[in-house]
Amino acid sequence: MRPVLTLPRAMVDQVLAHARRDHPDECCGVIAGRDGVATRLFAMANAERSPTGFVFDPQEQLRVWRAMDDADEDLLVVYHSHTMTEAYPSRTDVRWSANTPGAHWLLVSTRSDDDEVRAFLIAADGTVAEEPVEVVDDPPGTPGDVTA
Amino acid sequence: MAIEVRIPTILRTYTGGEKAVEGTGDSLSSLLADLDSRHSGLRDRLVTGEGGLHRFVNVYVNDEDVRFLGGLETPLKDGDSVTVLPAVAGG
């Protein structure tokens, strides 16, 4: 079966909004999960404040990793934006992805007004495999849901 | 004296799968040398050939990033806790 990354609509919207907010710099963050199901999103600071790269702020990263650990969550997704190129892993992304084995890399692009959201699994040997992003409507009772 | 060192998943191949190991040393540098005597290869994943910390890892002493404490010369004392995390970055 081909892998699919399933994410609630609210999280995808948050990633896109974060990317637009931080443009022209790249944005970054993570989505925590449990058994492959997304549980919460952490929008993080790009310590590099750069239009061509991102680095998690080490102090913030420690807090986020602790929070995931305490809640028995795993690192499900590392997300970031590209500001001038397509939402596809750069060579730098491929190199750094070795540090997050098993995590999906979600990329968005702010190069135009169109929303681009793509997900990838990057193998240890650097092979990039795109996987579809399945956006599901938010369950009742989640923030932003008006029918609950 | 014992210092607890928390090891991230990607480096647990050096610790036989252990999430945390104990070591001794009065500085981060001597702690890593001590750890390497039992977990051979671990130090090379943290320290560059030039003797600085790899940018691929973050090392914290009592939850403070050692880059702001004194790097490898950061002093340690009994009961301190050291955490290693893989850095996350991209382009």
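Trainee: How much area is buried between chain A and chain B?

Mentor: About 1,900 Å², and carbon and sulfur atoms give 53% of that. Buried area here is the accessible area (1.4 Å probe) that two parts lose on being put together, summed over both. This is a predicted model, where local features need pLDDT of at least 70, side-chain atom pairs count only at pLDDT 80 or more, and totals for chains, interfaces and linings use all residues. Residues are numbered from 1 along each chain as its sequence is written, chains are lettered from A in the order in which they are written, and side-chain values use heavy atoms, without hydrogens and water.

Trainee: Which three residues supply the most of what chain A buries against chain B?

Mentor: Arg66(A), Trp96(A) and Asn99(A), with 34% of that area.

Trainee: And how many residues does the contact take from each chain?

Mentor: Chain A gives 26 and chain B gives 17, with contact meaning heavy atoms within 4.5 Å.

Trainee: Switching to charges, how many salt bridges are there between the chains?

Mentor: Two, each a side-chain nitrogen of Lys or Arg within 4 Å of a carboxyl oxygen of Asp or Glu. In one, Arg66(A) meets Asp63(B), with the closest N and O atoms 2.9 Å apart.

Trainee: Nice! Which element gives the largest share of chain A's side?

Mentor: That's α2(A), with seven residues. Helices (H or I, at least four residues) and strands (E, at least two) are DSSP runs, numbered from the N terminus.

Trainee: What does β4(A) join on chain B?

Mentor: Strand β6 (residues 89–90), antiparallel, through two bridges; DSSP must find at least two for strands to pair. Phe54(A) has Gly90(B) as its bridge partner there.
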